[in-house]
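This briefing introduces the side-chain contacts of one protein model to a reader who has not met it before. Please look over the sequence and the structure shown here, and then follow the topics below.

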Amino acid sequence: MYKNIEKQITLQLKDQIDYQPGQVASKTLVQNDKVSMTIFSFDKGEEISTHNSEGDAMVTVLEGIGRFTVGNEVFLLKEGETLIMPKDIPHAVYGEERFKMQLTVSF
């Protein structure tokens, strides 16, 4: 079930979360034992440090530019670009500039 978002309207995901100075903000849209969907906003220079996920994680940048480190590889993604980060591979996310992303993890 979707939560924290209006239904039966046309919307822009990037407009559903605001930037917070000096922070990473998140808003969960779906959370169950098969899938998790969250939108994030990163202030410039903010990060989620290296961690593992128990599921494959797909990120799509909604606005700005984010740096994604997956294992030993670094990817710079801009608006509209998507990256799959395989489960059990350490990864991190960093705000090269202020940016927003959608994260979908499938378990």
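Which residues do ring pairs link into a cluster? In this predicted model, the cluster joined by ring pairs is made up of Phe40, Phe42, Phe68 and Phe99. The notes below begin with these rings, then turn to the salt bridges and to the charges that sit over a ring.

**Aromatic pairs**

- The count of aromatic pairs comes to three, and one of them is the stacked pair of phenylalanine 42 and phenylalanine 99, whose ring centres are 4.7 Å apart with 15° between the planes.
- This stacked pair links distant parts of the chain, since phenylalanine 42 belongs to strand 2 (residues 35–42) while phenylalanine 99 belongs to strand 9, 57 residues apart.
- Phenylalanine 42 is buried, with a relative accessible area of 0%, and phenylalanine 99 is likewise buried, with a relative accessible area of 0%.
- Phenylalanine 99 also pairs with phenylalanine 68, here in an edge-to-face arrangement with 6.0 Å from centre to centre and 80° between the planes.
- Because phenylalanine 68 lies in strand 5 and phenylalanine 99 in strand 9, this edge-to-face pair ties together parts that are 31 residues apart in sequence, and both phenylalanine 68 and phenylalanine 99 are buried.

**Salt bridges**

- The structure holds two salt bridges, and in one of them the side chains of glutamate 96 and arginine 67 meet with a distance of 2.8 Å from N to O.
- Glutamate 96 is found in the loop between strand 8 (91–95) and strand 9 (99–106), whereas arginine 67 is part of strand 5 (residues 65–70), so this salt bridge ties together parts that are 29 residues apart in sequence.
- Glutamate 96 is partly exposed, at a relative accessible area of 30%, and arginine 67 is partly exposed as well, at a relative accessible area of 30%.
- Lysine 78 and glutamate 81 also form a salt bridge, in which the closest N and O atoms are 3.3 Å apart.
- Lysine 78 counts as partly exposed at 47% relative accessibility, and glutamate 81 is partly exposed with a relative accessible area of 29%.

**Charges over a ring**

- The ring of tyrosine 19 has the charged end of arginine 98 sitting over it, at 3.8 Å from the ring centre.
- The charged end of lysine 100 also sits over the ring of tyrosine 19, in this case 4.8 Å from the centre.

Note on methods:
Residues numbered from 1 in each chain as written. Predicted model: local features only at pLDDT ≥ 70, side-chain atom pairs only at ≥ 80, totals over all residues. Heavy atoms only, no water. Salt bridge = Lys/Arg side-chain N within 4 Å of Asp/Glu carboxyl O. Helix = DSSP H or I, 4+ residues; strand = E, 2+ residues; numbered from the N terminus. Buried < 20%, exposed > 50% of the residue type's maximum accessible area, 1.4 Å probe, protein only. Phe/Tyr/Trp six-rings, centres within 6.5 Å; stacked < 30°, edge-to-face > 60°. Lys NZ or Arg CZ within 6 Å of the ring centre and 35° of its normal.
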